[in-house]
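Here are some friendly notes to read with the model open beside you. Take the points in order, and find each residue on screen as you go.

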Amino acid sequence: MDSADREQMIRGMVDRLAERLRTSPDDADGWARLGRARIVLGETALAKEAYGKAAALRPDDVGFLAAWADSIVAASEPAPPNAAELSPVVDRILARAPNHPRALWLAGALALSAGDLAAAKARWTSLLDVLDPNSVQYVELKKQLEALLPAK
């Protein structure tokens with residue numbers, strides 16, 4: 001099967017899933033599968049919509065909320081995400097999982113973009129507490145915090 005045939009086959013499977021979800025819209029797992037497929041196809045706006053539907057059906061599912069938050073970021077690239085859209089999702093994640101690493105990172109980034117250096121520092125310091133001190137992420141975040149907010 002050449003790449004064009006493979007692409008057509010994948011697109012057909014994704015379109016069939018989307019059609020099934022139009023007739024059975026209460027399938028949260030199906031919406032999440034559709035979101036993942038849309039990301040693979042580079043259809044980030046449609047992925048965001050699918051993950052939003054999954055999260056609406058399971059509002060306490062941190063995995064669905066995190067996927068939705070990531071899809072909001074991806075759909076906005078290369079521009080920064082819309083804070084009014086992303087912030088409530090991040091807040092919902094942190095309300096359910098206060099040490100969620102991706103949510104802490106996003107909360108810090110949102111605070112920094114709003115000019116709230118203290119909130120950014122607080123979120124990213126909390127993130128340092130859950131990262132492995134020997135990890136690249138820890139070292140890089142620590143450098144960013146020191147450059148952004150030098151110790152007094």
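1. Let's begin with a term: a residue is called buried when its relative accessible area is under 20%, exposed when that area is over 50%, and partly exposed in between. By that standard, 37% of the 152 residues of the protein chain count as buried. Please keep in mind that you are looking at a predicted model.

2. Now for the overall layout. The protein chain contains eight helices and zero strands, which gives the pattern α-α-α-α-α-α-α-α when you read along the sequence. Along the principal axes, its C-alpha atoms fill a box of roughly 60 × 35 × 30 Å. If you take the contacts with a separation of 6 or more, 39% of them are made by residues 24 or more positions apart.

3. Turn next to helix 3, which covers residues 44–57. From first C-alpha to last, the 14 residues of helix 3 reach 20 Å, close to the 20 Å expected at 1.5 Å a residue. Which residues of helix 3 are buried? They are Ala47, Ala50, Tyr51, Gly52, Ala54 and Ala55. Look at the spacing in that list with this in mind: an α-helix has 3.6 residues a turn, so residues three or four places apart point the same way. The buried residues of helix 3 pack against helix 2 (28–40), helix 4 and helix 5.

4. How do helix 3 and helix 4 sit relative to each other, roughly parallel or roughly antiparallel? The axes of helix 3 and helix 4 (residues 62–76) come within 8 Å and cross at roughly 155°. Angles over 145 degrees count as roughly antiparallel, and the two helices are therefore roughly antiparallel to each other. Their crossing is left-handed. On the helix 3 side, the contact includes Thr44, Lys48 and Tyr51, and on the helix 4 side it includes Phe64, Trp68 and Ile72. Sorted by class, this contact has twelve nonpolar, three polar and one charged residues.

5. After helix 4, pause at the loop between helix 4 and helix 5, where proline 78 lies. The peptide bond from glutamate 77 to proline 78 is cis, with omega near 10°. For background, most peptide bonds are trans.

6. The pair formed by helix 5 (residues 83–96) and helix 6 (residues 101–113) packs at an angle of about 140°, with axes 9 Å apart. That angle makes helix 5 oblique to helix 6. The crossing of helix 5 and helix 6 is left-handed. In helix 5, Ala83, Leu86, Ser87, Val90, Ile93 and Leu94 take part, and they meet Ala103, Leu104, Leu106, Ala107 and Leu110 in helix 6. By class, the contact has ten nonpolar, one polar and no charged residues.

7. Helix 6 deserves a look of its own. Its 13 residues reach 18 Å from first C-alpha to last, close to the 18 Å expected at 1.5 Å a residue. Ala103, Leu104, Leu106, Ala107, Gly108, Leu110 and Ala111 are the buried residues of helix 6. What covers them includes helix 4, helix 5 and helix 7 (117–130). Helix 6 is followed by glycine 115, whose phi is positive, near 85°. As a general guide, most residues other than glycine have a negative phi.

8. Two charged residues of helix 5 are worth finding. Glutamate 85 is found in helix 5 and is partly exposed, with a relative accessible area of 30%. Leaving aside residues up to four places away in sequence, glutamate 85 touches Lys48 and Ile72. Arginine 96 is also found in helix 5, and at 36% relative accessibility it counts as partly exposed. With the same sequence neighbours left out, arginine 96 touches Pro59, Asp60, Val62 and Leu65.

9. Finally, how far apart in space are lysine 121 and leucine 148, C-alpha to C-alpha? The distance is 8.7 Å, although the two are 27 residues apart in sequence. Lysine 121 lies in helix 7 and is partly exposed, with a relative accessible area of 41%.

Note on methods. Residues are numbered from 1 along each chain as its sequence is written. This is a predicted model: local features need pLDDT of at least 70, side-chain atom pairs count only at pLDDT 80 or more; totals for chains, interfaces and linings use all residues. Side-chain values use heavy atoms; hydrogens and water are left out. Axes are lines fitted to C-alpha atoms, for helices over the stretch in contact, and angles run from 0 to 180 degrees between N-to-C directions. Helices (H or I, at least four residues) and strands (E, at least two) are DSSP runs, numbered from the N terminus. Angles under 35 degrees count as roughly parallel, over 145 as roughly antiparallel, 65 to 115 as roughly perpendicular and the rest as oblique. A crossing is left-handed if the near helix is turned anticlockwise from the far one by less than a right angle, and right-handed if clockwise. Contact means heavy atoms within 4.5 Å. Ala, Val, Leu, Ile, Met, Phe, Trp, Tyr, Cys and Pro count as nonpolar, Asp, Glu, Lys and Arg as charged, and the others, Gly among them, as polar. The expected span of a helix is 1.5 Å times one less than its number of residues. Buried means under 20% relative accessible area, exposed over 50%, partly exposed in between (1.4 Å probe, protein chains only).
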